[in-house]
Amino acid sequence: MFCKNCGKEIDDKAAVCIHCGVPVKHETQQIMVTSPKSNGFAIAGFVLSFFGGILGLIFSIIGLQKSKQPEYNGNGRGLAIAGIILSCIALLIEIIVYASCGAALCAGVNSTTAIILPLV
């Protein structure tokens, strides 16, 4: 290390320059470590995918887009993808259930008719 006052070489551990007597300041480098933000949309989308397919899908897509931003550093990406997949499955199941119920109603078949008809 070199003295900032006289420019002569001194020991790295020295507190004072042996040539000019000026105190030596040891510079320490501070590194700030910040954790990425929590991705609330990805979390909400994942949770909502179990209860409501369309809301879970919307929140998960927003969460996936947010995870691509630098301040999120990919945080929540996995939850967002899982939320999208689960929401699509839930929506598919809802469509099948609603379609089968709608078809049964259109045909005029209900649970009491289905039980009574074979007995008559």
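Q: What makes a group of residues a nonpolar surface patch here?
A: In this predicted model, the members need over 30% relative accessible area and no salt bridge, and nonpolar side chains such as Val, Ile and Tyr are joined within 5 Å. Ile-81, Ile-85, Ile-89, Ile-93, Val-97 and Tyr-98 make one such patch, of about 570 Å².

Q: Why is Val-97 called partly exposed?
A: Its relative accessible area is 40%. Exposed would take over 50% and buried would take under 20%, so Val-97 falls in between and counts as partly exposed. You'll find Val-97 in helix H3, residues 77-107.

Q: What does the protein chain look like as a whole?
A: Its secondary structure comes to 4 helices and 0 strands, and reading along the sequence gives the pattern α-α-α-α. Of its 120 residues, 19% count as buried. The chain exposes about 9,000 Å², with carbon and sulfur atoms supplying 67% of that.

Q: Among contacts between residues at least 6 apart in sequence, how many join residues at least 24 apart?
A: That share is 40% in the protein chain.

Now for two neighbours in sequence, Ser-38 and Asn-39.

Q: Why is Ser-38 called exposed?
A: Ser-38 has 53% relative accessibility, and the cut-off for exposed is over 50%. The value passes the cut-off, so Ser-38 counts as exposed. Ser-38 sits in the segment before helix H1 (40-48).

Q: Is Asn-39 buried or exposed, and what makes it so?
A: Asn-39 has a relative accessible area of 2%. Buried means under 20%, so Asn-39 is buried. Asn-39 is also in the segment before H1.

Q: What does Ser-38 touch, leaving aside its neighbours within four places in sequence?
A: Ser-38 is in contact with Ile-43, Tyr-72 and Asn-75. Asn-75 is 37 residues away from Ser-38 in sequence, yet their C-alpha atoms are 6.6 Å apart in space.

Q: How do you know that the side chain of Asn-39 makes a polar contact with Asn-75?
A: The side chain of Asn-39 reaches the backbone oxygen of Asn-75 at 3.2 Å. A polar contact needs N or O atoms within 3.5 Å, so this pair makes the cut. Beyond four places in sequence, the residues in contact with Asn-39 include Gly-63, Lys-66, Ser-67, Tyr-72 and Gly-76.

On to the cysteines.

Q: How many disulfides does the structure hold?
A: It holds 0 disulfides. Cys-6, for one, is in no disulfide, and the nearest cysteine sulfur, that of Cys-17, is 3.7 Å away. A disulfide is a covalent bond between the sulfur atoms of two cysteines.

Q: Why is the sulfur of Cys-20 too far for a bond with that of Cys-17?
A: The two sulfurs are 3.6 Å apart, and a disulfide needs them within 2.5 Å. The distance is over that limit, so no bond is counted.

Q: Why are Cys-6 and Cys-20 called partly exposed?
A: Cys-6 has 32% relative accessibility, and Cys-20 has 32% as well. Partly exposed lies between under 20% and over 50%, so Cys-6 gets that label and so does Cys-20.

Q: Is Cys-3 buried or exposed, and how do you know?
A: Cys-3 has 8% relative accessibility. The cut-off for buried is under 20%, so Cys-3 counts as buried. Cys-3 is found in the segment before H1.

Q: Which residues does Cys-3 touch, not counting those up to four places away in sequence?
A: Cys-3 touches Lys-8, Ile-10, Cys-17 and Cys-20. As for Pro-23, it is 20 residues from Cys-3 in sequence and 9.1 Å from it in space, C-alpha to C-alpha.

Methods:
Residues are numbered from 1 along each chain as its sequence is written. This is a predicted model: local features need pLDDT of at least 70, side-chain atom pairs count only at pLDDT 80 or more; totals for chains, interfaces and linings use all residues. Side-chain values use heavy atoms; hydrogens and water are left out. Helices (H or I, at least four residues) and strands (E, at least two) are DSSP runs, numbered from the N terminus. Buried means under 20% relative accessible area, exposed over 50%, partly exposed in between (1.4 Å probe, protein chains only). Contact means heavy atoms within 4.5 Å. Patches are made of residues with over 30% relative accessible area and no salt bridge: like charges are joined within 9 Å, nonpolar side chains (Val, Leu, Ile, Met, Phe, Trp, Tyr) within 5 Å. Accessible areas come from the Shrake-Rupley method with a 1.4 Å probe; for residues, only the protein chains shown count as cover. A salt bridge is a side-chain nitrogen of Lys or Arg within 4 Å of a carboxyl oxygen of Asp or Glu. A polar contact is a pair of N or O atoms within 3.5 Å; within protein, one must be able to donate a hydrogen and the other to accept it, and residues adjacent in sequence count only if both atoms are side-chain atoms.
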